[in-house]
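Reader: I am new to this protein. Could you show me how to read a few of its features?
Author: Gladly; here is the structure to look at as we talk.

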Amino acid sequence: MAGSVKAIVSKKIIQFTPDSSYDLSNVTVNEENEFDVTVINESDKFASFQVELLTAGLDENSHVKWYKIYPEVCTKKPPGSETTFHVAIIKAPITVYDTTIDVIIKIFSVEYERLYTSQKISLTINKPLRSLRLEMPIKELKVTLGNQIEIPVIVYNLSPKFTEIQLSLSGLNPDWFTIGTQRKLQIEPGDSQKISFLCQPTKGNQTLSKEYKFTIDAGSNTSQYTTREQGILEVLPDGVVEFSCSNKQQTIPSKGRKQSNSAIYELILKNDSNLLQRVHVIVPQKEHIKIGFGIPEAVNIIPGETKSMHLEVNNQRPWLGRRKRQPFEVSVGLTNPNSGEPSTFIFPIPNTQILELIVLPIIPFILQIGSAAIIALLLLLNLWLHPKVYHTGAVNSVRLVGKAGKVVSGSSDQTIRLWQVNDGHWQLNGNRLKYEGEIASETENKKAVRVIRSSPMDDGVIAAGLDSGDIQLWDTLKRQKKPVYSGTDRVFDLAFSQNPPYLFSGHGSGQVRQWDLTKTNKKPINIAYVKFAIYALAITENQIEPDLIFIAGRYNKLAVWDWSKKIIYEIPYEHTVSELKKGFKFKPFMSQQNYITSLTTANNKLAISDNQGYITLWDVNKIRQCINKEAEQQLDISKKIKIINGNKKNNPNRNITSNQIKPLECDQYVIAQSSEGHHKQPVRSIALTQSACHLASVGDDGQVILWDLSKDKIKNLLVQSGTTLIKENTKFNSVDIKALKDDQDDYVLITIGDDNYNVKLYRVNGIKDNANCK
């Protein structure tokens with residue numbers, strides 16, 4: 001059958017020169033090294049053919065490909081058919097130069113071993129243009145500080161000898177290379193090898209953002225010939241400009257300058273980036289702030305440098321009255337010193353500082369009172385109003401328990417403490433709590449207590465969440481503990497449901513876990529995952545509609561979990577700018593430094609606060625309507641699918657996965673919003689009365705504010721700032737409120753916990769709380 005296949009070779013003499021482009025890149029671009037083989041099936045069988053090249057002296061163990069054939073195998077074809085194979089010599093088969101060798105072209109059938117033939121051609125291997133070649137596949141690279149990048153290099157040994165090659169990289173900081181800037185390679189004759197230099201620019205402002213040129217040199221032990229390649233490594237901008245103020249609060253007049261009507265604020269800018277920055281000061285002008293500003297000129301700050309800028313503030317002092325506090329915002333902008341364009345990679349941290357100017361009257365307030373005896377009395381009263389502090393760390397959470405007869409507090413000192421409430425008419429505010437001892441000591445908890453929540457079913461039962469990830473139930477009357485969960489996932493908030501009795505926990509990992517308190521099993525019965533760190537939970541229960549769990553946290557994210565249907569709805573969270581035209585809204589910043597701090601629900605209302613100083617009141621019924629509308633649309637889709645599928649009896653919920661996440665677009669669910677009360681400083685905690693007629697809020701500005709949510713005042717929430725009950729030089733972390741009534745008056749009790757280790761209780765008389773908020 002040897003005569004049943006015929007082969008025709010287009011060229012009998014082939015020229016090949018090493019170090020040509022087709023040799024280095026395995027791509028044939030020179031016709032001298034190419035030829036065609038036409039195979040004619042003269043047998044009486046369907047057959048597929050393959051072509052193979054052989055030559056004398058070829059190392060059988062060598063895996064180096066020295067030729068390429070297309071196609072590698074032809075498809076099975078009938079008798080009389082032709083197939084053309086294109087052959088390219090891409091490497092020297094043996095390492096001899098200026099030599100002509102015979103190459104046998106073997107053509108054979110894949111199916112029939114007796115169906116074959118062969119042809120012979122001459123291959124002239126010319127002397128290589130050079131013995132060593134260096135190639136960089138990527139010559140322009142980009143890297144961020146602290147990240148590792150590979151600088152790949154391909155080395156070709158075109159000599160007829162086994163060669164040791166030395167690579168050396170220069171032009172870049174040697175400290176950036178984890179395994180050095182020198183490489184040694186041993187390469188077989190005619191072979192190539194790929195190797196990489198691992199580069200990791202040092203993180204810090206000493207490594208400037210710019211383009212760095214570098215060179216890679218290659219030499220061998222078999223030749224004096226050397227070669228080199230050049231490349232560019234661009235270090236991208238990285239870091240921040242730290243913005244602070246050494247004296248955030250100034251007084252007019254200051255000591256030693258009794259006649260002065262101005263104050264100087266020292267603004268400190270540290271360029272902790274790797275790029276030169278031009279910094280300018282911005283002070284937004286607002287009508288209600290009647291002060292003048294002397295804006296300093298912009299300055300250039302090199303990486304690693306710290307500079308001060310001085311902001312002058314002027315205000316006329318009144319003759320009479322008390323000291324006047326004027327908070328105002330100061331921010332900085334960053335630009336490129338050369339182009340003047342805003343910086344797109346480097347940002348100030350924080351972007352804004354809240355400063356305060358205190359203006360004293362020309363006639364001191366003490367002289368206006370006119371009595372040293374009154375001053376002494378006030379001093380004694382002040383001492384009496386500061387009871388003994390029992391906590392030794394910041395108080396993170398406070399709760400009025402049961403019918404507001406007790407207060408429970410949790411602190412960073414790792415303890416849970418119990419307080420007796422005195423809500424009598426004649427007891428002074430701030431001194432209404434009597435300490436009754438520890439519920440849990442630091443030896444029992446061993447980690448800071450992050451959150452305390454009271455059970456709506458059992459008077460005196462609380463849940464505590466710890467920084468360690470532990471969740472505990474405590475009977476505050478019996479001082480008995482019941483562990484719910486022990487883990488490492490930090491607990492930031494808890495929420496009780498009343499019917500059935502469940503406990504929900506929000507964690508830093510982004511999980512909400514549902515616990516059945518009637519069971520002893522320490523595993524959650526349901527878990528929702530919202531892909532952001534959770535800082536706040538709130539539950540709203542309805543006898544007709546399903547219970548909803550509101551979830552909020554980092555990146556100003558907000559979601560609602562219908563756990564009965566296992567669906568999570570993502571809700572857009574927006575800020576309203578009251579200074580602009582009505583209805584103008586924008587999405588707040590979504591960085592990890594921006595987050596929702598607190599949620600609270602009552603009487604189909606949801607209140608939200610964030611660390612940008614906003615308080616928002618939402619209509620839960622509107623949200624439920626949106627969820628029901630979404631469910632109806634899903635049902636319509638399911639019906640249409642059922643009709644398309646021929647009315648098969650399918651489960652309409654079969655395509656619904658466990659705790660699936662859906663976007664929820666809803667209009668008119670925001671009742672009102674305000675950012676004026678806390679001067680856009682972080683609002684750490686909020687609480688609603690039982691009928692949602694009043695809201696209490698606390699934050700970093702040291703204020704406790706009571707908001708009237710009655711129907712005739714809630715419309716003005718955008719412009720009003722609430723009633724400030726307390727203003728202290730501390731940060732308040734937690735607040736709880738409860739509306740009560742006795743024989744003489746309607747009133748509310750407000751308990752707070754602060755960074756100065758205090759737990760206090762205040763009574764506000766004349767506050768009615770009813771379902772209609774009238």
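We will go through confidence, one sheet and two pockets.

Reader: What is the mean pLDDT of the protein chain?
Author: This is a predicted model, and the mean pLDDT of the protein chain is 85, with 89% of its residues at 70 or more. Two stretches to read with care are residues 21-29, where the pLDDT is below 50 and the model has 29 contacts beyond near neighbours in sequence, and residues 648-657, also below 50, with five such contacts.

Reader: In what order do the five strands of the open sheet run?
Author: Follow β21-β23-β19-β17-β25; the pairing is mixed. At the edges, β21 (292-294) and β25 (347-349) each pair on one side only. From one strand to the next, the twist averages 30°. For one pair up close, take β21 and β23 (residues 306-314), which are antiparallel over three bridges; there, Gly 294 has Glu 312 as its bridge partner.

Reader: And how do I read a pocket? Which strand gives the most to the lining of the largest pocket?
Author: Rolling a probe the size of a water molecule over the atoms shows where empty space is left. The largest pocket has a volume of about 1800 Å³, and the residues closest to its centre include Pro 350 and Lys 680. β24 gives the most to its lining, with eight residues.

Reader: Which residues lie nearest the centre of the second largest pocket?
Author: They are Arg 399, Arg 453, Leu 494, Leu 599 and Thr 600, out of 50 lining residues. By class, this lining has 21 nonpolar, 17 polar and 12 charged residues.

How values were computed: Residues are numbered from 1 along each chain as its sequence is written. This is a predicted model: local features need pLDDT of at least 70, side-chain atom pairs count only at pLDDT 80 or more; totals for chains, interfaces and linings use all residues. Side-chain values use heavy atoms; hydrogens and water are left out. pLDDT is the predictor's confidence in each residue, from 0 to 100. Contact means heavy atoms within 4.5 Å. Two strands pair if DSSP finds at least two bridges between them. Helices (H or I, at least four residues) and strands (E, at least two) are DSSP runs, numbered from the N terminus. Axes are lines fitted to C-alpha atoms, for helices over the stretch in contact, and angles run from 0 to 180 degrees between N-to-C directions. On a 1 Å grid over the protein atoms alone, a cavity is a set of points where a 1.4 Å probe fits but cannot get out, and a pocket is an open set with protein on both sides within 12 Å along at least five of seven lines; lining residues have an atom within 4 Å of a point. Grid points are joined across faces, edges and corners, and a volume is the space filled by probe spheres set on the points. Ala, Val, Leu, Ile, Met, Phe, Trp, Tyr, Cys and Pro count as nonpolar, Asp, Glu, Lys and Arg as charged, and the others, Gly among them, as polar.
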